[in-house]
Structure formats: structure tokens, C-alpha cells
Amino acid sequence: MTCFIVEGGYALEGSVEVKGAKNSMLPIMAAAILNSDKREIELENIPDIGDMHMKKKILQSLGLQVSYASNVLHLDSRELCSHTISAALMKEMRSSIIIMGPMLARLGKVRVTYPGGCSIGPRPIDLHLKGLEALGARIWEEKGFIVASTPGLRGAEIHLDYPSVGATENLLMAAVLARGNTVVHNAAREPEIVDLQNFLNAMGAQVRGAGTETLRIKGVEALGSCRYRIIPDRIVAGTYLMAGAITGGRVTVRGIIPSHLDAVVAKMQEAGVVLEVGEDSLSVLNGRLKAVGTLRTLPYPGFPTDLQSPMMALLTRAGGRSNIVESVFEARFKHVEELKRMNARISVEGRTALVEGCAVLKGAVVSATDLRAGAALVLAGLAAEGTTIVKEIRHIDRGYEYLDLTMQKLGAHIIRSGEEQPAQAGQQNVAWNVADVPSHPA
Ligand code: UD1
């Protein structure tokens with residue numbers, strides 16, 4: 001089995017160019033289904049990550065022609081022929097559920113199973129289904145599949161009980177081709193929703209309001225092709241900033257939109273990290289880590305749940321006690337047991353984790369229980385005494401492009417080990433070997 005071997009104690013130094021956001025790319029790839037043009041869609045700034053390859057496979061199974069090279073995706077939907085996604089493909093990725101909206105809009109029917117993806121607690125899809133029904137879809141279960149069909153979607157006024165990112169995206173992609181007007185109240189406000197709106201409008205849709213809690217969509221007859229550049233990944237950027245901070249190093253993330261990380265910057269500053277904000281960059285300089293009192297994950301513009309686990313790794317090293325409240329997902333603390341194997345002192349009660357700071361982290365064998373948990377364990381490994389082995393790194397490869405190679409360039413001692421090479425093969429690990437680790441840790 002492939003794993004990362006991390007030798008801790010080396011301060012990271014240097015800069016990282018951040019590529020497109022996974023969570024923008026996935027819905028935008030699905031939105032390519034809506035294109036009824038003869039020309040293909042071209043998406044730029046696409047990271048070479050596991051989730052992109054999986055989504056590509058799902059779209060190909062529906063008949064789309066999809067090719068990827070040099071961070072550019074081409075999607076041709078002229079031969080869209082199937083309306084079923086197999087259970088095997090569905091279970092690989094939660095975001096496959098957002099295929100429902102564009103499929104209903106384009107073909108009037110779709111057949112899927114309950115989605116899989118990261119194991120971070122129950123992830124119901126009731127809001128997706130209720131919203132699609134409001135737009136005129138009939139939905140039922142048949143032999144383990146969820147089947148939806150419609151003679152034609154029609155605009156509606158929808159009130160989401162919770163600003164779900166996925167449900168907002170699904171409804172947006174369904175409503176763009178519905179007859180009449182749709183209003184979505186209590187919509188998610190994430191930058192990825194704004195990106196999806198901009199992409200759909202570039203295809204000819206009439207959507208406004210993204211970034212606020214009310215989306216207004218005027219249905220159009222058809223959508224066409226376009227060329228589009230995905231926004232940078234704020235979660236990847238935050239992860240590298242925290243990697244710099246946990247090692248006491250100086251790391252700059254470039255090519256980003258700093259305002260997307262306002263809540264993260266504020267919390268890191270509260271934790272004593274000194275940050276410099278540039279026009280399209282953020283730098284971690286240094287600082288003395290301290291506890292944050294309470295950190296609560298929230299929908300955007302609050303602190304993102306996807307950076308809760310890397311931030312927890314950081315706070316294990318801070319002076320004092322921090323409370324972390326996970327209010328978005330029910331069971332997103334699986335990394336706690338793994339961090340405890342590394343000598344972190346954390347206790348969990350319900351949705352709150354109490355982190356006792358100043359831990360001397362020790363290398364251990366740990367497992368990435370989900371994508372961001374995996375990133376947190378790598379960060380802890382970078383700051384730990386000795387060697388950490390992170391298993392199940394397929395989760396990390398789903399959302400971080402060449403994490404090991406990028407970290408090596410920053411001076412981290414991390415290698416990929418095992419028979420499988422990264423899905424992003426084609427690049428060589430730099431010549432660092434655990435046995436060659438110099439004896440002067442920073
Ligand atoms: C997306 C992101 C994920 C991020 C999350 C929250 C993608 C591909 N994934 O996931 O990285 O962590 O937003 O920022 O963009 N819920 C319901 N019913 C529903 C839908 C959601 O109860 O029908 C609940 C979920 O169980 C969860 C909460 O709403 O507790 C947030 O989920 P949601 O915003 O939908 O997250 P995702 O779109 O799955």
C-alpha cells in the first residue's frame with residue numbers, strides 16, 4: 001500500500017503556486033452536460049488530482065468526450081447518451097449527486113445511487129431532492145437507484161433549510177434551463193458558487209446573486225460552449241500556509257484570491273501566526289503559536305470545515321487550550337485518534353474538540369481517514385520528532401496535486417513509498433531518502 005513517509009523537524013521555506021479549486025472544478029465539470037453546442041468546453045487551471053480523474057470517468061460513462069492535458073480539460077457533450085451512473089462510480093465520489101440537476105435539465109431523466117466520498121459523517125441529500133422536486137422533477141427509488149424524471153423543469157421559489165453547497169449547485173444547474181424564473185433563498189455563499197454562476201453565465205445562462213443568500217435565475221432555452229479559468233483553491237492555499245506555520249517556516253502561496261481566506265487569516269493571526277497579505281498571495285512569516293479560545297467551523301464566510309483538521313494539527317503546538325467546534329459535519333473528528341497516536345492531547349465531546357497545546361508530537365504510523373484529515377496528519381508529521389508514516393494516502397491524492405513533491409520543494413522531508421505511483425505520474429520524487437535525513441533539524 002502506498003504511504004507518505006515524513007521526517008519531522010524541518011522548517012518549510014519557499015513559495016507554492018496554487019492551482020484551481022477542486023470544489024469549483026467538480027460542479028463546473030458537471031455543468032458541461034448542459035452544453036448543447038457543437039463546440040467543446042475548455043477549462044483551464046485544472047489540478048491533476050484524483051477527484052478530477054474520477055469525475056472525468058463518470059462523465060465519460062454518460063457519453064461525454066473528456067480529455068485532460070497540461071492542466072486543461074476539454075469536454076464535449078454532443079454524444080451524451082446515458083442517464084445512469086453506475087453504483088460503483090457513485091460510491092467513489094459524493095459530488096456525483098450534483099449530476100442530477102444538469103441531467104434533468106438536459107435529458108429530463110437521471111438514475112443514480114446514494115453518493116459516497118469522504119467518510120465525514122452522514123451526508124444526506126434531502127435538500128437536493130426537495131429542491132429538484134420543487135422544480136418539477138418526479139423522484140422515486142427503484143432497485144437501490146434514485147430515479148428522477150421530468151417532462152420539463154419549471155422555475156420555482158425554493159427555501160433551503162440549510163445553505164448546502166452541493167444542493168445550491170445542483171439547483172442552480174437545473175434551474176438555468178427551466179421554464180421561467182427561479183429564486184433560491186438561503187443559498188450557500190461560497191466562492192465556488194460565484195465561480196459556478198460566472199461559468200454558467202459564460203455559457204449563456206442568466207444567473208445573479210451568487211455570493212449572497214439569494215440566487216435569481218432566469219431560465220434560458222439552451223446553453224453553449226465557452227472557455228473558462230477556475231478560481232484558485234483556497235483550501236489548498238490554507239493547508240500550505242498552515243504547513244509553514246506548524247514548522248516555524250516562511251511559506252508564500254501565490255496565484256490566490258486572499259479575500260477568500262479572510263476567516264482563515266483571522267484565526268491564524270489569533271493563533272499568533274504572522275501573515276503578510278499581497279495582491280494575489282499570502283505569506284506566513286513566523287510567530288509564536290498560541291491557543292485560540294474557540295474556533296467554530298461555519299458556512300462561508302465563516303471558518304471552513306475543510307481546514308478544521310489542519311488547523312487542529314497547528315493548535316496542538318500552540319501554547320494553551322483551544323476549543324474547536326465542528327458545526328458543519330457531524331462526524332468530522334476522525335483525525336483526532338490519529339493525532340493522539342502522535343502524542344497530541346485532544347479530547348472530544350459531541351461536536352467539540354478540546355486541544356491541549358504545547359504537545360511534543362512524535363512520529364507514528366497513522367491513517368488518513370479522509371482527504372483533509374490526511375493533510376492534517378502530514379502537517380503533524382512535519383512538526384513531529386522522528387518519522388511518521390501516513391497510510392491511505394489515496395484520500396490525500398483526491399484533492400492535493402503532488403502534495404509530496406510540492407512539500408519537498410519547500411524543504412520538507414517527505415517521500416511516497418509503495419508499489420503504486422501517484423495518479424499524477426510523470427514526475428519524479430526528488431532524491432531524498434529517509435536514511436539520508438541530515439541530523440540538524442530546524
Ligand atoms: C461541499 C464541499 C466540501 C465542504 C462542504 C462544506 C464539494 C465537492 N465539497 O460538500 O468539501 O466540506 O461543502 O463546505 O464542494 N446536508 C443535509 N442535506 C442535504 C445536503 C447537505 O442535511 O441535502 C448537510 C450535510 O449533511 C452537512 C451540511 O449540510 O452536515 C453541509 O453539507 P454541504 O454544504 O451540502 O456540503 P457538500 O456540498 O457535501
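Helices α10 and α12 run roughly parallel to each other, since their angle falls under the 35 degrees used as the limit. On that scale, over 145 degrees counts as roughly antiparallel, 65 to 115 as roughly perpendicular and the rest as oblique. Helices here are DSSP runs (H or I, at least four residues), numbered from the N terminus.

A word on the ground rules: this is a predicted model, so local features need pLDDT of at least 70 and side-chain atom pairs need pLDDT 80 or more, while totals for chains, interfaces and linings use all residues. Residues are numbered from 1 along each chain as its sequence is written, and side-chain values use heavy atoms, with hydrogens and water left out.

**Helix packing**

Three helix pairs are set out below. Axes are lines fitted to C-alpha atoms over the stretch in contact, and angles run from 0 to 180 degrees between N-to-C directions.

| Pair | Axis separation | Angle |
|---|---|---|
| α10 (308-315) and α12 (371-383) | within 7 Å | roughly 20° |
| α5 and α6 | 8 Å | about 20° |
| α10 and α11 (334-341) | 11 Å | about 30° |

That last angle makes α10 roughly parallel to α11. α5 and α6 are likewise roughly parallel to each other. As for handedness, the α10 and α12 crossing is right-handed (the near helix is turned clockwise from the far one by less than a right angle; anticlockwise would be left-handed). α5 also passes α6 in a right-handed crossing, and the crossing of α10 and α11 is right-handed too.

**Around the ligand**

The α5 and α6 pair turns up again at the ligand: α5 (126-134) and α6 (165-175) each supply at least two residues of the shell. α5 gives the most, with 3 residues.

There are 19 residues around the ligand (a heavy atom within 4 Å of it), and Asp126, Leu127, Ser164, Asp306 and Val328 come nearest. By class, the shell has 8 nonpolar, 6 polar and 5 charged residues. Asp, Glu, Lys and Arg count as charged, Ala, Val, Leu, Ile, Met, Phe, Trp, Tyr, Cys and Pro as nonpolar, and the others, Gly among them, as polar.

Now for the polar contacts (pairs of N or O atoms within 3.5 Å). A polar side-chain atom of Asp126 sits 2.7 Å from a ligand nitrogen atom. Backbone atoms join in as well: a polar one of Leu127 is 2.8 Å from an oxygen atom of the ligand, and a polar backbone atom of Val165 is 2.8 Å from a ligand oxygen atom. The protein covers 85% of the 740 Å² of accessible area (Shrake-Rupley method, 1.4 Å probe) that the ligand has on its own.

Terms used
A polar contact is a pair of N or O atoms within 3.5 Å; within protein, one must be able to donate a hydrogen and the other to accept it, and residues adjacent in sequence count only if both atoms are side-chain atoms.
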